[in-house]
Amino acid sequence: MGRVQLFEIRLSHGRVVYSPGEPLTGTVRVRLGAQLPFRGSLPAGEHSFPFQFLLPATAPTSFEGPFGRIVHQVRATIDTARFSKDHKCSLVFYILSPLNLNSIPDIEQPNVASATKKFSYKLVKTGSVVLTASTDLRGYVVGQVLRLQAEIENQSGKDTSPVVASLLQKVSYKAKRWIYDVRTIAEVEGAGVKAWRRAQWQEQILVPALP
């Protein structure tokens, strides 16, 4: 075995998730099979070096996506003598900076939107479908139930396809140009609406946790 038999970082209490502004504490553990010269000298045996950092209050939430990621990690280096290879180790931890929904005006008010789809055949209008949808709030947290109501008025002579409501996650990346990653994270489906009929639809979506 070499001189450095163990070189690792351990965070206090085994924590891996932190909030901005919190102290990050832990220990660097080293086990040497023989004396290791560096900027000084470290004898053989086991050694522990405690550390503490204050995480910035503006630290962003950890994130990993197809076009980018935000990773936080602690690194330790044994700066050995000249012409010798330095020893390095690192440990990834996660920062979660939740958005305070209470700071958003009218967050507890219902959210309403409507859309109209017109149909035509050979430049002749054949009808339209009017959809009005609403949610009970304008913002939600993980595990909360989103209550959805919709009214569909079919002003055409054809039955509609099934009604689908999707909860989407949209992430925007910017380098030289904007790139958007949109994915469905929850979905509910209801029956279609008959020709010249009106229907009301109520559903619930449980807001899932996201990676």
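These are my notes on the aromatic rings in this structure, which is a predicted model.

**Ring pairs**

I started with the ring–ring contacts and got 5 aromatic pairs. I then opened up Phe-51 and Phe-53: their ring centres are 5.7 Å apart and the planes sit at 40 degrees, so I logged the pair as tilted. How buried or exposed are these two? Phe-51 comes out at 15% relative accessible area, so I have it down as buried. Phe-53 is at 46% relative accessibility and goes in as partly exposed.

Next I looked up Phe-63 with Tyr-173. This aromatic pair is tilted too, with 6.4 Å from centre to centre and 45 degrees between the planes. Which strands hold the two rings? I found Phe-63 in strand E7, residues 63–65, and Tyr-173 in strand E14, residues 163–174. The pair therefore ties together parts that are 110 residues apart in sequence.

I checked accessibility here as well. Phe-63 has 24%, which I noted as partly exposed because buried means under 20%. Tyr-173, at 13%, falls below that cut-off and is buried.

I also followed the ring pairs outward from Phe-63 and Tyr-173. They link up with Phe-67, giving me a cluster of Phe-63, Phe-67 and Tyr-173.

**Charges over rings**

Last, I went looking for Lys and Arg over ring faces. Which residue lies over the face of Tyr-18? I found Arg-15 there, at 4.1 Å from the ring centre. For Tyr-180 I wrote down Lys-170, which lies over the ring face at 4.7 Å from the centre.

How values were computed: Residues numbered from 1 in each chain as written. Predicted model: local features only at pLDDT ≥ 70, side-chain atom pairs only at ≥ 80, totals over all residues. Heavy atoms only, no water. Phe/Tyr/Trp six-rings, centres within 6.5 Å; stacked < 30°, edge-to-face > 60°. Buried < 20%, exposed > 50% of the residue type's maximum accessible area, 1.4 Å probe, protein only. Helix = DSSP H or I, 4+ residues; strand = E, 2+ residues; numbered from the N terminus. Lys NZ or Arg CZ within 6 Å of the ring centre and 35° of its normal.
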